[in-house]
Amino acid sequence: MLLQFSVENFRSFKERTVLSLEGSTDKLHPNNIKEYGKDKVLKVATVFGANAAGKSNIFHALTAAIITVRRSDIRQVGEPLYMMVPYLFDAESAAKPTSFEFVFMADGRKYVYGFSANIRKICTEYLYVYNSSRPSTIFERNEDSDEVYTFTNQALKTKLKPLVERNTENKLFLATATAWNAEETRVPMMWITNSINTYDTNYENFLNYTGDMFELDSDNSLRRFTNNILKEADINICDYEFESRDIPVESAPIVFANAPGTKTEIRGKEYKITTKHVIEDESGNKGTYPLDLQLESLGTQKIFFMSPILKKAFETGETVCVDEFDRSLHPMLVCYLVGLFNNPDVNKNNAQLIISTHTMELLNLNVLRRDQIYFVEKNQKAGVSELYSLDEFSPRTREDVRKAYMLGRYGSVPDLGMGDGLWD
């Protein structure tokens with residue numbers, strides 16, 4: 001589980017910014033947390049804020065950090081790190097590296113992994129593990145130091161030092177060491193590789209992730225899960241058909257925006273999805289009618305494509321990060337989906353959900369804890385975003401958080417003009 005993610009000097013986040021999923025001392029909604037000894041970890045975090053405040057940049061930062069790690073081992077010597085985009089509105093920050101850090105639980109132990117980089121190279125990197133109440137250093141790296149790599153003890157140095165020669169300045173040592181079977185780095189590398197994902201906001205692109213899941217659903221468990229989700233969402237779909245065929249790779253687009261009546265194509269595959277509706281006529285006779293998924297509402301399509309992601313998360317304990325989670329979804333449905341992650345009977349493996357949203361119904365202390373609600377506000381003069389938690393304001397349990405937010409008590413709302421001079 002993710003305990004904390006921090007970023008510094010990335011896009012609109014100039015200063016170090018921390019998204020923490022470590023629970024506070026709040027006693028509200030005990031089912032919304034998972035306890036690891038003294039650590040309390042939140043299952044859901046929501047991010048609110050005005051348009052252009054910087055909410056999406058939190059998810060861009062998560063994506064940049066994750067992808068930089070995952071693609072490190074296949075990066076060519078000298079290949080730029082294009083995902084490193086610093087704060088560009090002053091020369092000093094633009095010349096500095098971007099920094100990321102993950103704090104997470106994996107295989108029963110807490111790890112801290114972080115790195116900083118610019119477009120040319122990795123500047124610093126470190127990995128710590130908590131074998132007790134104090135962290136132990138697995139390795140530290142500083143490209144500007146006389147001794148670039150340091151290790152916590154002689155045994156680790158003997159084992160990991162030879163792998164340093166196999167690394168390059170634009171690759172992460174975490175990935176390189178793991179590729180050469182270093183046991184000390186394997187667990188954190190596998191956690192970043194498999195246990196945390198950011199997902200595209202656009203529903204039509206979800207098939208990039210989920211097409212194989214639908215196709216390989218031999219036991220129909222995904223079919224049952226998807227149909228149940230659609231039923232709970234009060235959508236009149238009883239079943240679906242999923243067809244696929246291979247198409248020449250050289251002629252297949254990666255993905256394109258679908259128009260009604262078209263098929264969904266991703267590189268090397270073409271999928272056709274047909275939903276089934278049970279319709280009752282005026283005489284009470286029922287019949288089952290097929291409908292191309294592209295003719296369904298955008299919300300229905302999004303739920304359909306999202307269902308494999310949710311099922312996989314509940315099975316594996318994945319941390320799911322989705323920007324604009326509520327796009328095309330009714331507020332009550334958003335609350336229902338968020339509630340699944342806070343429900344211990346559904347979320348038995350402690351999957352996490354991190355979303356940005358405008359769904360005001362979630363600003364309710366009967367639904368979420370104070371520490372599960374974050375706000376992003378941008379200083380428009382400087383173009384700098386700030387992330388902070390509702391927990392910092394200590395609202396009363398019975399306080400109408402939604403009303404207070406709309407009145408601007410917590411900031412993070414647009415300062416709208418009244419149109420004066422707009423038509424001059």
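**Local environment of selected residues and packing of helices H8 and H9**

In the predicted model, the backbone nitrogen of tyrosine 87 lies 3.1 Å from a polar atom of the asparagine 9 side chain. A polar atom of the asparagine 9 side chain also lies 3.1 Å from the backbone oxygen of proline 97. Asparagine 9 itself is located in the loop that runs between strand E1 (2-8) and strand E2 (17-20). Its relative accessibility is 5%, and asparagine 9 is therefore classed as buried, the limit being under 20%. When residues up to four places away in sequence are not counted, asparagine 9 touches Lys14, Val85, Pro86, Tyr87, Ser93, Lys96, Pro97 and Thr98. Tyrosine 87 and proline 97, whose backbone atoms were described above, are thus among the residues touched by asparagine 9.

A second buried position is arginine 141, with a relative accessible area of 3%. Arginine 141 belongs to strand E9, which spans residues 135-142. The side chain of arginine 141 makes a polar contact of 2.9 Å with the side chain of glutamate 143. Apart from neighbours within four places in sequence, the contacts of arginine 141 include Ile122, Cys123, Thr124 and Glu125. Val148 and Tyr149 are also in contact with arginine 141, as are Asn167, Thr168, Glu169, Lys171, Leu172 and Phe173.

Helix packing was examined for H8 (residues 298-316) and H9 (residues 331-342), whose axes are 11 Å apart and form an angle of about 15°. Because angles under 35 degrees count as roughly parallel, H8 is assigned as roughly parallel to H9. The crossing of H8 past H9 is right-handed. On the H8 side, the contact is formed by Ile303, Met306, Leu310 and Phe314, which meet Leu333, Leu337, Leu340 and Phe341 of H9. Classified by residue type, this contact between H8 and H9 comprises eight nonpolar residues, with no polar and no charged ones.

The loop between H9 and strand E17 (352-356) contains aspartate 345. Aspartate 345 has a relative accessibility of 61% and so counts as exposed, for which the limit is over 50%. The C-alpha atom of aspartate 345 is separated by 9.8 Å from that of asparagine 31, although the two residues are 314 residues apart along the chain.

Key:
Residues are numbered from 1 along each chain as its sequence is written. This is a predicted model: local features need pLDDT of at least 70, side-chain atom pairs count only at pLDDT 80 or more; totals for chains, interfaces and linings use all residues. Side-chain values use heavy atoms; hydrogens and water are left out. Helices (H or I, at least four residues) and strands (E, at least two) are DSSP runs, numbered from the N terminus. Buried means under 20% relative accessible area, exposed over 50%, partly exposed in between (1.4 Å probe, protein chains only). A polar contact is a pair of N or O atoms within 3.5 Å; within protein, one must be able to donate a hydrogen and the other to accept it, and residues adjacent in sequence count only if both atoms are side-chain atoms. Contact means heavy atoms within 4.5 Å. Axes are lines fitted to C-alpha atoms, for helices over the stretch in contact, and angles run from 0 to 180 degrees between N-to-C directions. Angles under 35 degrees count as roughly parallel, over 145 as roughly antiparallel, 65 to 115 as roughly perpendicular and the rest as oblique. A crossing is left-handed if the near helix is turned anticlockwise from the far one by less than a right angle, and right-handed if clockwise. Ala, Val, Leu, Ile, Met, Phe, Trp, Tyr, Cys and Pro count as nonpolar, Asp, Glu, Lys and Arg as charged, and the others, Gly among them, as polar.
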